[in-house]
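Dear colleague,

I am passing on the structure below, together with some notes on the spaces enclosed within it. Please have it open while you read, since the notes refer to individual residues.

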Amino acid sequence: MTHDPRKSDRSVVPLKPSNKAGSPVAETVEGRDLAQGNTDQQNALRTQRRVGVPSALDRVRQLARKDRKAKFNNLFHHLTVDRLQRAFLALKRQASAGVDDVTWEQYRAALDAHIQDLHGRLHRGAYRAKPTRRTYIPKSDGGQRALGIASLEDKIVQRAVVEILNAIYESDFVGFSYGFRPGRGPHDALDALSTGIRRRKVNWVLDADIRAYFDSIDHDWLLKFVEHRIADKRMLRLIQKWLSAGTVEKGRWTKSTDGTPQGATVSPLLANIYLHYVFDLWARRWRDRCALGDVVLVRYADDLVAGFQHWGDAERFRRELSERFAKFALELHSEKTRLLRFGRLTALPRGNRVGQKGETFNFLGFTHISARSRVKGFLLIRRTQRQRLQAKLRDVKTELKLRRHLPIPVQGQWLRSVVAGHFAYFAVPTNFHALRCFRTQVERHWRRALQSRGQRDRTDWKRIHQLSEQWLPKPRILHPWPEARFDVRTRGKSPVR
């Protein structure tokens with residue numbers, strides 16, 4: 001008999017953590033009020049004539065918090081003209097066009113008329129979802145990632161629908177889920193993971209990778225999961241239209257039987273809903289009922305990391321997780337999923353210097369290294385992932401070749417934005433060496449680009465250093481220590497000290 005998670009997972013929503021496992025640092029300490037506050041800010045009306053007026057979604061949000069089993073059967077009327085117009089204005093103006101070949105500027109030329117027409121078609125059932133245009137972008141490992149570019153009107157409607165559904169699901173999603181949620185970003189997930197590894201008894205880390213996750217989502221299961229909370233038939237029909245719209249590649253239409261296209265505005269939310277029922281609720285129940293020791297869980301979209309005190313727990317979790325995924329058309333990538341010895345209680349031999357590598361794992365662009373400091377004892381080092389660093393430098397080198405004949409101030413301004421953007425994400429404590437390496441390599445690529453402008457160019461290192469001092473930001477740590485920021489984010493409510 002096919003397992004129905006609606007019957008098992010719905011009853012497994014423990015509000016109190018297990019006594020034996022302690023309070024999970026990556027979930028309970030986050031608190032529900034944080035997600036709720038973020039949702040309030042996300043859905044607040046921003047038009048001038050509505051300043052101070054409560055959001056129409058407040059009642060939906062309050063009911064979703066109060067009753068976790070409530071079903072919402074009257075959501076479609078929230079797709080108002082104002083909400084559709086705000087969704088349009090929030091789109092990226094330079095984004096690629098979908099199969100309709102309509103750009104942001106073209107749509108804006110007669111915005112009021114277009115939005116009124118779109119609103120009318122939505123509410124009389126005449127709206128038709130268009131297929132997504134399939135394109136590919138390079139991945140850091142040398143492969144290609146398939147993206148689906150939706151038509152402009154599909155982007156507008158999807159963004160408005162996501163705003164509505166977030167009012168419900170932000171009260172449902174668990175604390176250790178961070179990806180594509182209002183007010184949460186990758187550094188929040190990185191902070192929670194680092195804090196959990198340092199403060200809990202973690203000796204083993206499971207670095208899990210789901211094989212082709214966005215392409216493997218089962219449409220039937222996804223709609224069943226959505227129906228747990230959404231009973232509005234028009235809203236469900238709208239989601240079905242997007243799932244079955246298909247893709248267009250090189251002029252050929254392909255039917256979609258499973259998966260949700262990466263790049264579509266609604267895809268991250270649907271992907272979160274799917275893993276919420278397939279993984280999050282199951283993993284929380286497993287941690288509270290089956291684990292013999294501490295367990296730390298962090299999920300950012302389809303990137304999963306779990307820390308364990310005991311090897312037996314880690315091995316059993318991996319085995320049962322694989323079985324769980326198989327029931328819902330998902331599969332752990334055998335080559336990218338690893339169970340490694342890692343953590344505060346994994347003592348390194350005395351005499352090892354700070355930064356000496358043992359087993360490492362990558363998460364959200366950082367390589368995590370377990371090391372020991374003579375002063376602080378255990379030290380979790382995070383360095384820029386080598387593949388990410390090399391890919392970024394290749395992009396800089398390629399772009400500099402195209403810009404080499406531009407005036408030096410123009411090149412300098414562009415490079416300043418590139419280096420500053422890199423530092424804004426990767427300038428975390430213990431990563432100073434990688435920041436300095438990135439800046440040095442940018443200098444070398446810049447020198448070669450200038451020298452290639454002509455045989456008489458005599459740009460030497462002295463000149464490059466002068467240009468670097470003028471244009472390139474110097475490496476410095478911009479982010480606080482993970483535990484400090486984590487405690488601020490959780491407003492001092494973390495029971496783990």
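The element that gives the most to the lining of the second largest cavity is β7, with three residues. Please keep in mind that this is a predicted model, and that the values below are computed from it.

The second largest cavity, with a volume of about 40 Å³, is lined by Leu 206, Ala 208, Phe 279, Leu 297, Leu 304, Val 305, Ala 306, Phe 317 and Leu 321. Two or more residues of this lining come from each of β3 (204–209), β7 (303–308) and α13 (311–326). In character, the lining of the second largest cavity consists of nine nonpolar residues, with no polar and no charged ones.

The structure holds two cavities of 30 Å³ or more, and the largest cavity contains about 70 Å³ of space. Around the largest cavity lie Lys 130, Thr 132, Asp 154, Gln 158, Trp 242, Leu 243, Ala 245, Thr 260, Pro 261, Ala 264, Val 266 and Ser 267, and at least two residues of this lining are supplied by each of the helices α7 (152–169) and α11 (233–243).

What is the division of the lining of the largest cavity into nonpolar, polar and charged residues? Six of its residues are nonpolar, four are polar and two are charged, whereas the lining of the second largest cavity has no polar and no charged residues.

With best wishes

Definitions and conventions
Residues numbered from 1 in each chain as written. Predicted model: local features only at pLDDT ≥ 70, side-chain atom pairs only at ≥ 80, totals over all residues. Heavy atoms only, no water. 1 Å grid on protein atoms, 1.4 Å probe; cavity = no way out; pocket = protein on both sides within 12 Å on 5 of 7 lines; lining within 4 Å. Points joined across faces, edges and corners; volume = space filled by probe spheres on them. Helix = DSSP H or I, 4+ residues; strand = E, 2+ residues; numbered from the N terminus. Nonpolar A, V, L, I, M, F, W, Y, C, P; charged D, E, K, R; others polar.
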